[in-house]
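Okay, thanks everyone, I'll keep this short. Let me put the chain up on the screen and then walk you through a couple of spots in it.

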Amino acid sequence: AWSGLFPKGDFEWTLRMRLDDPAVFFAPSDTSGGLLEEKTELLTVHPERHLAETAEAEQLLPVVLNQFEAWGIRLPEDVNDFNALSQRIEPDFLLMKQSSQHLLVASVCFPSSWEPARWIGEPLTAIHEVVPRLNPQIGPMIDRFLSQLKPGKAYRRANWSLTHGNELNFHPKLKRPPIDANTPVDEVYLRLEHQIFTALPGAILMGIHIEPVSLISLKAYPELWQHLLQKLETMPEDVARYKNLHRGLATIVQQMGQF
């Protein structure tokens with residue numbers, strides 16, 4: 001998984017997928033129960049920040065619930081809307097209409113510096129338009145992958161960025177402190193966004209699981225460390241600005257190079 005995330009070479013957007021099991025991805029894994037407690041609080045106090053859906057989405061709820069049942073994931077009988085569902089499963093999720101790739105449901109308690117409600121009802125190409133260089137580099141591949149995805153199979157990939165701190169919730173309204181020129185490398189975290197994609201009748205279900213990893217801990221893996229350093233050294237300025245790294249990227253690169 002690590003080698004696929006940081007292959008040798010300069011920074012570029014990639015679409016590396018591997019087969020995975022959605023029943024495992026969506027199954028409960030946090031034995032403390034803290035993750036669901038946090039999600040429940042966010043969806044109760046600020047539902048407008050973390051859950052958005054179109055009118056068309058309501059008809060997909062039984063489809064989604066049937067799929068979870070088929071995966072052996074038992075849900076309470078009172079799960080009768082997407083808010084209730086979101087409070088019962090640990091990963092965040094998106095639902096897209098497969099034929100047009102419009103976003104129908106966004107249940108995202110732990111966004112990576114984006115506002116789910118802003119993009120509800122929009123096509124994926126429009127959502128990706130704000131990501132510098134992504135559509136020209138891998139947009140057609142994303143379109144082919146999603147349009148050809150068949151029920152019964154699921155594929156997993158990961159996005160990454162760097163953050164100042166290991167909080168899960170990076171909603172823009174929280175105004176988390178960014179990485180800047182004064183940020184020490186031992187306060188920087190690699191934010192992994194594990195994603196899984198599977199097809200339902202008429203829709204694509206995308207699951208999202210956030211994993212913060214201390215950047216300094218990766219020094220134990222010299223090859224991985226060097227590959228990541230190369231990605232950061234060659235990251236275009238507009239991409240660094242999109243990832244909110246432009247204020248401190250040079251400092252982080254400098255500090256990593258000293259290890």
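So, Trp 160. Once you skip its neighbours within four places in sequence, Trp 160 is in contact with Leu 5, Phe 6 and Phe 11, then with Leu 190, Arg 191 and Leu 192, and also with Leu 228, Lys 231, Leu 232, Met 235 and Lys 243. Keep in mind that this is a predicted model. Trp 160 also shows up in the largest nonpolar core, which has 79 residues; together with Phe 82 and Leu 215, Trp 160 is among those with the most contacts inside that core.

Now over to Cys 109. Where does it sit? In the loop between strand E4 (103-107) and helix H7 (116-119). Is Cys 109 buried or exposed? Buried, because its relative accessible area is 0%, and the cut-off for buried is under 20%. Leaving out residues up to four places away in sequence, Cys 109 touches Lys 39, Leu 42, Leu 43, His 50, Asp 92 and Asn 169.

Zooming out, the chain has 12 helices and seven strands. Of its 259 residues, 48% count as buried. If you take contacts between residues at least 6 apart in sequence, 69% of them join residues at least 24 apart. The radius of gyration is 18 Å, and a compact globule with 259 residues would be near 18 Å, so the two agree. The C-alpha box along the principal axes is roughly 55 × 40 × 30 Å.

Last bit, charges: 24 positive and 32 negative side chains, with the centres of the two sets 6 Å apart.

Technical notes
Residues are numbered from 1 along each chain as its sequence is written. This is a predicted model: local features need pLDDT of at least 70, side-chain atom pairs count only at pLDDT 80 or more; totals for chains, interfaces and linings use all residues. Side-chain values use heavy atoms; hydrogens and water are left out. A nonpolar core is a set of buried Ala, Val, Leu, Ile, Met, Phe, Trp, Tyr and Cys residues joined through side-chain atoms within 4.5 Å. Buried means under 20% relative accessible area, exposed over 50%, partly exposed in between (1.4 Å probe, protein chains only). Contact means heavy atoms within 4.5 Å. Helices (H or I, at least four residues) and strands (E, at least two) are DSSP runs, numbered from the N terminus. The radius of gyration is taken over C-alpha atoms; the globule rule is 2.2 Å times the number of residues to the power 0.38. Lys and Arg count as positive and Asp and Glu as negative; His and the chain ends are not counted. The place of a charge is taken as NZ of Lys, CZ of Arg, CG of Asp or CD of Glu.
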